[in-house]
There are 2 protein chains.
Amino acid sequence: MKIAILGFGTVGTGVYDILKNSNSSELKVFEISKILVRNKSKITSAIMTDNYDEIINNEDISIIVEAMGRTDPAYDYIIKALKAKKHVVTANKEVVAIYLEEFTRLASENNVSIHYEASVGGGIPWIKSIIKAKRIDKIYEVSGIFNGTSNFILHNMFEHGYKFNDILNIAKEKGYAESDPSADIDGIDIQRKLCITSSLCFDSIIAQDSIQTFGIRNVTKQDIDYFKSSNSVLKLVAKSVLYNSSYCSCVEPVLFGKDSIEANVGQNYNIASLVGESIGELKFYGQGAGKFPTANAVIQDILDIYYGSYNNYDLSFDKVLSFDGSLIFGRYFIRFSDIQIKTIFEKNTERFFNIGDNYCIISTELSKDCFQALINKAIELDKTLFYARYN
Amino acid sequence: MKIAILGFGTVGTGVYDILKNSNSSELKVFEISKILVRNKSKITSAIMTDNYDEIINNEDISIIVEAMGRTDPAYDYIIKALKAKKHVVTANKEVVAIYLEEFTRLASENNVSIHYEASVGGGIPWIKSIIKAKRIDKIYEVSGIFNGTSNFILHNMFEHGYKFNDILNIAKEKGYAESDPSADIDGIDIQRKLCITSSLCFDSIIAQDSIQTFGIRNVTKQDIDYFKSSNSVLKLVAKSVLYNSSYCSCVEPVLFGKDSIEANVGQNYNIASLVGESIGELKFYGQGAGKFPTANAVIQDILDIYYGSYNNYDLSFDKVLSFDGSLIFGRYFIRFSDIQIKTIFEKNTERFFNIGDNYCIISTELSKDCFQALINKAIELDKTLFYARYN
């Protein structure tokens, strides 16, 4: 079975290395026959090309591994591959989060399949576990610590007292964070992963812009010190809940008790959880990024194509769901610098606790939509505000 | 696809209930056409029988779900089913731990398959995750908190200060422990699960009697209080390690730091971990027992048979491995009542700490085989001795 790899960065080289060097007899049937590189100057071997047509027109190639990232030209290349009746494996959450429905339909029309295990949770067998769980169960809750970069930052602020910017710089040095870290620290990356995850779980495309998202950019050492003093550990969490025909999805910082599993997911590890009707709660823990774990997930997809393991599961996204912000609720911590904000929350919530000059905890179990209306007003007044939901 | 269920206890009724009541379209293709009950007086419907021949001779039945437990007559019934070219799904760890190789060979000879997802970790998708991971990776370490009953006991001793016997009685009342709880508290149940797990991971039958096993029967409230004071949490753990052609497997109480994932696996939950070459560490958490999670795992196996998902993976157990007790090592806590025991350890270990009249910690990184020789001598002198390895 002949494979082409698009993009030869971290993931692409990881796939290449494992397929070339593994002793597993399962992998002997695969041959990498083409590698697409963006830049002619990077061509160092006969199988490399900068011309996608050479790949798409090669009838021997049956699987395209898209490991370029971003949507352009990844979207076009995936569309062309599916139309050319080639199976596609992608690690690209950005493009899958937007075009999941189109890719799924197009694959089905062309009698091939699209796989994206590596797009959420890196090496964690998460996407296929959802698909398997759904064969039996309705899944009505799904959540996860899906962003290794923000988890690395929060873990080290908590454990070693780093300031946000200092540990962010270390993350950049280690290659955990990009030079523009916005997607990671503003929750955009994890929002994409929640979008893919919940669309699969709920049989309905959960639009990215329906996911209320607040990142960790504003968190300070003082915030973390306060959480630590009350035995709470901060994590950036994506969560979706289904109830009848309503759903609620959000990405926000969440405070876990120190003695919980989530609180102890350290460094750049991920954890993904689902709650199903008969199976109850399942959690999957592992490396959410990194060359080899991500490449491993890509190769699992390649093997699933080879064995036809998931061909029989026709995914559909045609369920009509409406957003209901009352499905997620909780107690919130808020830190602000503008005294008007205090008034906003004091007036509009039943139980309000002042815990310092510029900290408060809203103790009522406030639903997400009520909270969101208030917090949006507050954020307008104070761009440095930080909040977190108590789990 | 017609199914027969052998045994109509917790697991059998769970499978029946899910298949009958589920709305999942995936499950509509299955029909339960026979249920074997041991006792004629329990026959309450036309599909029930106490005669196995009626099932084995029924050519329409293609899947046999063995949910009886114990080895007799489960072993005979499974053998007969495979020889009659029927697929077998079993939740019975006792029979699989002993006859895994024979069942696998017989299934392959008869062109059918045997599945046992529910035998380890209940509803956790563990067995199939191992098989999938092994398609790419060599797995060189595997471990787990696989016994819900002992975890329930240890969790509640730690959290609520129960004495061992009091919480054991509560576990019996709740149906978590059997009237004779030996298999759970002496580590026999978890030993069977390790046997199945490591045989699959290492391509070699790991004999039950090669697994050094020490349970939690002797743990006292005083032991737990001491662990608590040093921020350690006690768990009963099964672990196997592979290094070249050597392995070491053991079941023993292990002390985890309070801020670890394992320490926070509470109540009767399970966690299963593996370490693979490229995937790194993966952990799977969920309900290790209970009617619906276990039945869910059985039905996942039924679906895998229907889709032929795992037919292509020929499992083999022909790798020759030798036991090497030096592969697992650590610092040990020992509590004893006989003064001679102190002498045994004081003489034979480099760093020895007296932490009370009848407690000691051996601080050298003692290998399992050295430790085992000493502890066996000590247990002969003191039947109430308790020990645990620091993780």
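Three exercises on a predicted two-chain model follow, each with a worked solution.

Residues are numbered from 1 along each chain as its sequence is written, and chains are lettered from A in the order in which they are written. Because the model is predicted, local features need pLDDT of at least 70 and side-chain atom pairs pLDDT 80 or more, while totals for chains, interfaces and linings use all residues.

**Exercise 1.** Find how many residues each chain gives to the contact, and classify those of chain A.

Solution. Two residues are in contact if their C-beta atoms, placed from the backbone, lie within 7 Å. Chain A gives 37 residues and chain B gives 36. On the side of chain A, at least two residues each come from helix H5 (127-136), strand S12 (280-287) and helix H11 (291-307); helices (H or I, at least four residues) and strands (E, at least two) are DSSP runs, numbered from the N terminus. Sorting the residues on this side gives 16 nonpolar (Ala, Val, Leu, Ile, Met, Phe, Trp, Tyr, Cys, Pro), seven charged (Asp, Glu, Lys, Arg) and 14 polar (the others, Gly among them).

**Exercise 2.** Determine how S12(A) pairs with strand S12 of chain B.

Solution. Two strands pair if DSSP finds at least two bridges between them. Here there are three bridges, in the antiparallel sense. In one of them, Phe284(A) has Phe284(B) as its partner.

**Exercise 3.** Give the strand order of the open six-stranded sheet in chain B and identify its edges.

Solution. The order is S3-S2-S1-S4-S5-S6, with parallel pairing. Strands S3 (48-49) and S6 (114-115) of chain B each have a single partner strand, so they stand at the edges. Within the sheet, S1(B) and S4(B) share five bridges, and Ala4(B) stands opposite Ile64(B) in S4(B).
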